[in-house]
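Visitor: Please take one stretch of this chain and go through it closely, in one connected account. I would like to know what stands out in the backbone and the side chains there, and how that stretch sits in the rest of the fold.

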Amino acid sequence: MGKPDADGPGLPDLPPEWGRVVVPDDASALAAEAEQIRRELGHTPRRPVPWPPARSAFALPLLVLLVAVLTTLAGLAAVTWPRSGRSTPEPTPTPTPYAPPAGSAGRPLPALDLVDAGQSPVPLRGLVPAMIILVDGCPCPDDVATAAALAPAGVTVVTVTGTRSVRATPPSAGVTVRPLADPAGGLRAFLHLPARPGAATALLVDRSGVLVKVVPEIHSAEDYRADLTRLAA
């Protein structure tokens, strides 16, 4: 037989809206209520269990990019890593002859004053028509003698050194050879052509003072023969 519970001693107060609560002496008396509660719970929809969060859409592209970067770095390391026992011989530079300065021919000879053996100034333009041989890289007496022998009458052959010391050249019959010096290097600066050891440079200037031809290195008389003949015209 049930008895009221709410007014019993030692029990907590229950909400008044619940009304009078009776606790039965036999639990089987609650079987009907338990069955009803089970049926109600059976019809209650269950909450869906959330799936694990989906992977980021950027995960695959990032993985591909990482693999590509690692592959590139590995290739660079394999190429640049020093290898022992293998050395590439350095190429030996092949000497090439000096090229004639572009645009020198057809320009007027600069108004330079060179010096003679007595250190007196000599206007270079006062010697035209002339074949001027720069012997600051090589005395080249054979080349000077050949040019003096081929020079027509009225054409002066001038030898020019790069220091104040003037090298005298034995005169040839009918040909004037003037040994001069250019200590300031004015002619070389005008040509933009440095001296080369063992080679002489020739300048052919007509009677109007215009540079007709530049021979950076005299190899034979054929380098200037035709132009030297025309200087006397």
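Guide: Cys140 counts as buried, because its relative accessibility is 10% and the cut-off for buried is under 20%. This is a predicted model, and every value that follows is computed from it. Cys140 lies in the loop between β5 and α3, the helix of residues 141-150. The backbone at Cys140 has a positive phi of about 45°, although the residue is not a glycine. That deserves a remark because most residues other than glycine have a negative phi.

The side chain of Cys140 is also tied down on paper. Cys140 and Cys138 form a disulfide, with their sulfur atoms 2.2 Å apart. The cut-off for such a pair is 2.5 Å, and by that rule the count comes to one disulfide. A disulfide is a covalent bond between the sulfur atoms of two cysteines. The torsion about the S-S bond of Cys138 and Cys140 is about 125°, so this disulfide is right-handed. Cys138 counts as buried too, because its relative accessible area is 14%.

Going back along the sequence, strand β5 covers residues 130-134. Pro129 lies in the loop between β4 (121-123) and β5. A cis peptide bond joins Val128 and Pro129, with omega about 0°. This is again worth noting, because most peptide bonds are trans.

Before β4 there is another loop, which runs from β3 (113-115) to β4 and holds Gln119. Like Cys140, which has a positive phi of about 45°, Gln119 has a positive phi, here about 60°, and is not a glycine. The surroundings of the two residues are classed differently: Gln119 counts as partly exposed, because its relative accessibility is 35%, whereas Cys140, at 10%, counts as buried.

Pro121 belongs to strand β4 itself. At 59% relative accessibility, Pro121 counts as exposed, the cut-off for that class being over 50%. Leaving aside its neighbours within four places in sequence, Pro121 is in contact with Asp113 and Leu114. Both of these residues fall in β3, which spans 113-115.

Pro121 also gives a link to a later part of the chain. Ala181 is 60 residues from Pro121 in sequence, and their C-alpha atoms are 9.6 Å apart. Strand β7 takes in residues 177-181 and is mostly covered, with four of its five residues buried. Strand β6 (residues 156-161) runs parallel to β7, and five bridges join the two. One of the paired positions is Thr159, whose bridge partner in β7 is Pro179.

Finally, the setting of all this. The chain has five helices and nine strands, and along the sequence they follow the pattern β-β-α-α-β-β-β-α-β-β-α-β-β-α. Of its 233 residues, 26% count as buried; Cys138 and Cys140 are among those classed that way. Counting contacts with a separation of 6 or more, 57% are between residues 24 or more positions apart. The chain exposes about 16100 Å², and carbon and sulfur atoms supply 63% of that area.

Technical notes
Residues numbered from 1 in each chain as written. Predicted model: local features only at pLDDT ≥ 70, side-chain atom pairs only at ≥ 80, totals over all residues. Heavy atoms only, no water. Buried < 20%, exposed > 50% of the residue type's maximum accessible area, 1.4 Å probe, protein only. Contact = heavy atoms within 4.5 Å. Areas by Shrake-Rupley, 256 points an atom, 1.4 Å probe, with all protein chains shown as cover. Pairing = 2+ DSSP bridges.
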